Amino acid sequence: MKNIKNYLEGLGVDKELVGVFGSLAEAVKKISVAVRTANTGKVGTTNSYGEEQVALDVLSNNLMIDELKKNARVGLIASEELPDEEKIGEGEYALAFDPLDGSSLVDVNFSVGTIVGLYKTKSFIGVKGDDQVASMIAVYGPRTTIFLTVKKGVAHFILNNEGEFILDKDNIQIGEGKYFAPGNLRACVNNPAYLELVNYWIKEKYTLRYSGGMVPDVNHILLKEKGVFAYPGHKDEIDGKLRLLFECAPMSLIMEQAGGASSDGKMRILEKALETLEQRTPIFIGSKSEVQRCCDMLK
Ligand code: P6P
């Protein structure tokens, strides 16, 4: 049975990057335990985007950073839970992450996830998603799983009882099919085109799969190999809620590497140059024809 290390070695990935994924796997295992056991209460602080932090946000962020600080190959980090990018060493890899996306869903026992984009850069300002050398999402659900890409396709791993992530499926190929995850439905009030798009999916009898957690919702598309997740902006937040660096770019790299697409409605997410760490973007991600439908109908 292949684990992450020998899967990556089989692709000829250099040992430094294999080691970084080893650190990420260790962090994911620790966050998985925290999600299942730690306090989900609010800690009375907010992150630099004004979002109230729950104890788990802070704990997950600390678990991730502690693990990365042990790896000499990691030089720069940026986290949704930190106010700015931070140099933590001399290594060539720069990691941008949302340590626990959807943390507010833990207290209702919904699935949540970790999102990581890996770069070789001295600063995240100015980077594009296409500059990522790799990306990873972890899902904390009934099982703890990882999707990752090193730009040689996408592979899925499941954590076993021995603490190993074992290869479940590689070469994920996104086709077409009738699943939809229509986020930010409140945008329909001021955006008749979005209302028309959602009504199209309803009239065509698409199956609704929306949990309020982007990671499990995109994970569903990757495992079913079809479907679309939409999160448009609306008049009060024209760029929507989701962040380019910490959420959308890493997810978009995985989706495109699996043969899907990801757009902000006008351009590929992976072509968008980062202007600020907290930059948000609308996102339509999944099966190619569904993403195209979103772009066409929301033009
Ligand atoms: P809404 C979770 O808080 C998150 O950042 C994403 O994981 C998710 O897709 C989105 O927000 C949900 O937003 O507006 O449905 O609560």
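Strands β7 (residues 134–140) and β8 (residues 144–149) run antiparallel, with 6 bridges joining them. Across that pairing, Ile137 sits opposite Phe147 in β8. Keep in mind that this is a predicted model.

Zooming out, β7 and β8 belong to an open sheet of 8 strands with mixed pairing, in the order β4-β3-β5-β6-β7-β8-β9-β10. The edges are β4 (86–87) and β10 (165–170); each has a single partner strand, so one side of each has no neighbour in the sheet.

Two helices lie across this sheet. Helix α2 covers β3 (74–79), β5 (93–101), β6 (112–119), β7, β8, β9 (154–159) and β10, and runs at about 20° to β7. Helix α3 (residues 55–69) lies across β3, β5 and β6, at about 155° to β5.

Now for the nonpolar packing. The largest nonpolar core has 44 residues, and Phe21 and Leu24 have the most contacts inside it. Helix α2 (residues 15–37) supplies the largest share of this core, 11 residues. What does Leu24 touch, leaving aside residues up to four places away in sequence? Its partners are Met64, Leu68, Leu95, Val116, Leu118 and Met136. Another core lies apart from the largest one; it has 38 residues, including Val127, Cys248, Ile269 and Ile283.

There's a second open sheet to look at, with 5 strands in the order β12-β11-β13-β15-β14 and, again, mixed pairing. Its edge strands are β12 (207–208) and β14 (261–263), each pairing on one side only. Strand β11 (residues 179–182) pairs with β12 in the parallel sense over 2 bridges, and Tyr179 stands opposite Thr207 in β12. Helix α5 (residues 214–224) packs on this sheet, where it touches β11, β13 (228–231) and β15 (283–286). The direction of α5 makes about 155° with that of β13.

On to the ligand. The residues around it are Asp101, Gly102, Arg186, Tyr210, Gly212, Gly213, Met214, Phe229, Tyr231, Lys241, Leu242 and Glu247. Which side chains place an N or O atom at the distances below from an oxygen atom of the ligand? Here they are:

| Side chain | Distance to a ligand oxygen atom |
|---|---|
| Asp101 | 2.5 Å |
| Tyr210 | 2.7 Å |
| Tyr231 | 2.6 Å |

Some of these residues also fall in elements described above. Asp101 is in the ligand's surroundings and belongs to β5 (93–101). Phe229 and Tyr231 are around the ligand too, and both sit in β13 (228–231). Met214 is another of the surrounding residues, and helix α5 (residues 214–224) starts there.

Technical notes
Residues numbered from 1 in each chain as written. Predicted model: local features only at pLDDT ≥ 70, side-chain atom pairs only at ≥ 80, totals over all residues. Heavy atoms only, no water. Core = buried A, V, L, I, M, F, W, Y, C linked by side-chain atoms within 4.5 Å. Buried < 20%, exposed > 50% of the residue type's maximum accessible area, 1.4 Å probe, protein only. Helix = DSSP H or I, 4+ residues; strand = E, 2+ residues; numbered from the N terminus. Contact = heavy atoms within 4.5 Å. Pairing = 2+ DSSP bridges. Axes fitted to C-alpha atoms, helices over the stretch in contact; angles between N-to-C directions. Near = heavy atom within 4 Å. Polar contact = N/O pair within 3.5 Å; in protein donor to acceptor, adjacent residues only side chain to side chain.
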